[in-house]
Amino acid sequence: MGRLRACLGVAAAVGLAAAGTTALAAGSASGAPSALDNRWYAAAPYLMPEDNDPPDAAAIMDATGLKAFQLAFILAPNGGGCTPTWGGTSSLSSDTAVQSVINTIRSKGGDVSVSIGGYGGTKLGQTCSDAASTAAAYQQVITKYGLHAIDFDLEEPEYENTAAIKNEIGAAKILQQNNPGLYVSVTTPGTADGTGWFGKQMLLEAKSQGFTPNNFSIMPFDGGFNGAASQTDALTKFNGILQSTFGWNEATAYAHEGFSGMNGRSDAGEYFPQADFQTVLDFATSHHMDRFTFWSLNRDRQCSPADNGGRTSGSCSSVAQSAWDFAKFSVKFAGATPPGSTPTPTPTPTPTPPNPGNSCKTAWSSSAVYVSGDEVSYNGHNWKAKWWTQNETPNGSDWGAWQDEGSC
């Protein structure tokens with residue numbers, strides 16, 4: 001990963017953030033709302049709420065229909081210790097600035113996930129003594145903000161540290177067990193072969209601990225990538241790695257796989273314009289992948305000049321675009337239509353008449369894990385799982401995990 005990514009991955013980064021960072025107005029909402037559909041947490045783009053000229057989350061929601069944001073990053077204190085902070089400098093316990101951003105988003109019907117780690121900085125897995133203490137630190141974040149989703153962004157230098165990764169994976173497993181329904185993503189660097197040696201070791205650690213998150217996402221950029229074709233090829237190869245590591249078939253592996261891109265110009269000078277995002281989005285949806293996100297909303301606007309002099313920025317994309325062009329791909333992945341877009345015509349479904357002989361299957365449970373072919377009943381209909389799923393309400397969406405089998 002590039003040096004700029006190191007700056008962007010730490011909320012206390014110097015340089016790109018600079019002056020002009022403005023706090024968003026607090027909304028009237030308080031506490032945690034009901035969880036969104038998991039597809040929204042899977043589509044949440046990254047947003048640095050304290051650095052890199054934070055955009056107005058409310059404006060993005062109004063312009064695009066986006067409902068979920070991935071706030072970055074939780075780190076250990078710069079001076080050491082096992083206490084969560086924003087970017088190594090801002091105390092979690094006394095935070096009001098990020099809480100204000102969250103309140104704004106929730107007051108408009110949205111929600112947030114929080115990402116821990118990132119590129120650079122000191123991670124809690126490095127400073128906490130074991131998995132239990134690491135989990136306890138992250139539980140403070142979940143409790144303070146009433147989170148329904150969390151992201152483990154495991155990158156350099158932490159993912160080169162065997163003990164630290166053991167702590168992080170162990171903590172993720174504990175949080176998953178102690179917070180039923182929590183959406184957990186694990187994000188790691190991508191390579192032309194899918195992911196590198198350290199990424200594969202991280203997967204083996206997860207297997208050894210019996211930990212299965214909602215998805216393992218790779219970041220196919222900053223590694224000699226050249227457009228969408230190289231990214232989809234890496235995703236295909238990563239799918240093979242998931243299959244061989246966990247013994248999954250292809251469909252199950254894709255159901256646990258995610259994409260995390262970088263919009264516009266990457267740290268390494270690669271370019272991923274809107275057309276590349278569309279290609280990867282088509283790949284992700286056609287293969288029923290679990291996640292589609294990008295770094296970052298802070299960068300989802302045009303520089304001046306548009307190419308930024310051939311440089312990569314933390315607050316604009318370095319490609320020609322309208323504001324929030326890339327966020328609209330996330331909205332589409334979530335199964336919604338961005339404002340101003342022409343929706344794809346949906347055929348009017350033929351009503352299924354009641355069938356007295358069609359008995360209801362066992363009731364759907366938000367805590368149960370279902371695999372392809374499992375049948376449940378919900379809201380007066382029977383449903384069949386298309387792929388592995390948990391805590392996804394049966395609703396008949398084309399993007400969803402459930403196939404409507406008619407009334408019961």
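**Stop 1: the largest cavity.** Select helix H2 (38–43) and strand E16 (389–390): each of them supplies at least two residues of the lining of the largest cavity. H2 gives the largest share, three residues. Keep in mind as you look around that this is a predicted model. Now add Asp 290, Trp 387, Trp 388, Thr 389 and Glu 392 to your selection; of the 17 lining residues, these lie nearest the centre of the cavity. The space inside comes to about 180 Å³. If you colour the lining by residue class, you will find eight nonpolar, six polar and three charged residues. How many cavities of 30 Å³ or more does a search of the whole structure find? The search finds one.

**Stop 2: the second largest pocket.** Next, pick Gln 176, Pro 180, Gly 181, Leu 182 and Gln 390. Among the 16 residues that line the second largest pocket, these are the closest to its centre. This pocket holds about 240 Å³ of space. Its lining divides into five nonpolar and eleven polar residues, with no charged ones.

**Stop 3: the nonpolar cores.** Show Phe 69, Leu 71, Ile 74, Phe 152, Phe 216 and Phe 292 as sticks. They have the most contacts inside the largest nonpolar core, which has 92 residues. Which helix gives the most to this core? Select H9 (residues 228–246), which contributes seven residues. Apart from that core lies another, of ten residues, including Trp 364, Tyr 370, Ala 385 and Trp 388. You have already met Trp 388 in the lining of the largest cavity. As a general background, nonpolar side chains in soluble globular proteins tend to be buried together.

**Stop 4: Phe 69 and its partners.** Go back to Phe 69 and display what surrounds it. Beyond its neighbours within four places in sequence, Phe 69 is in contact with Ala 44, Pro 45, Leu 47, Ala 57, Ile 60, Met 61, Ile 105, Asp 111, Val 112, Ser 113 and Leu 297. Two of these, Ile 105 and Val 112, lead to the next stops.

**Stop 5: Val 112.** Centre on Val 112, in strand E5. Is Val 112 buried or exposed? Val 112 counts as buried because its relative accessibility is 0%. Not counting residues up to four places away in sequence, Val 112 touches Tyr 41, Phe 69, Leu 71, Ile 102, Ile 105, Arg 106 and Leu 147. Try a distance label between the C-alpha atoms of Val 112 and Ile 102: they are ten residues apart along the chain, with a separation of 6.8 Å.

**Stop 6: helix H4.** Now select residues 97–107, which form H4, a mostly covered helix with nine of its eleven residues buried. The buried ones are Val 98, Gln 99, Ser 100, Val 101, Ile 102, Asn 103, Thr 104, Ile 105 and Arg 106. What do they pack against? Add helix H3 (57–64), strand E2 (68–75), strand E3 (85–86), strand E5 (111–118) and helix H6 (131–145) to see the partners. Just after H4, check the backbone of Gly 109, where phi is positive, at about 85 degrees.

**Last stop: confidence.** Finish by colouring the chain by pLDDT. The chain's mean is 88, and 87% of its residues reach 70 or more. Two stretches to select are residues 1–30, where pLDDT stays under 50, and residues 344–356, where pLDDT also stays under 50. The model has 84 contacts beyond four places in sequence for residues 1–30, and five such contacts for residues 344–356. Where pLDDT is low, the predicted coordinates should not be read in detail.

Technical notes: Residues are numbered from 1 along each chain as its sequence is written. This is a predicted model: local features need pLDDT of at least 70, side-chain atom pairs count only at pLDDT 80 or more; totals for chains, interfaces and linings use all residues. Side-chain values use heavy atoms; hydrogens and water are left out. Buried means under 20% relative accessible area, exposed over 50%, partly exposed in between (1.4 Å probe, protein chains only). Helices (H or I, at least four residues) and strands (E, at least two) are DSSP runs, numbered from the N terminus. Contact means heavy atoms within 4.5 Å. pLDDT is the predictor's confidence in each residue, from 0 to 100. A nonpolar core is a set of buried Ala, Val, Leu, Ile, Met, Phe, Trp, Tyr and Cys residues joined through side-chain atoms within 4.5 Å. On a 1 Å grid over the protein atoms alone, a cavity is a set of points where a 1.4 Å probe fits but cannot get out, and a pocket is an open set with protein on both sides within 12 Å along at least five of seven lines; lining residues have an atom within 4 Å of a point. Grid points are joined across faces, edges and corners, and a volume is the space filled by probe spheres set on the points. Ala, Val, Leu, Ile, Met, Phe, Trp, Tyr, Cys and Pro count as nonpolar, Asp, Glu, Lys and Arg as charged, and the others, Gly among them, as polar.
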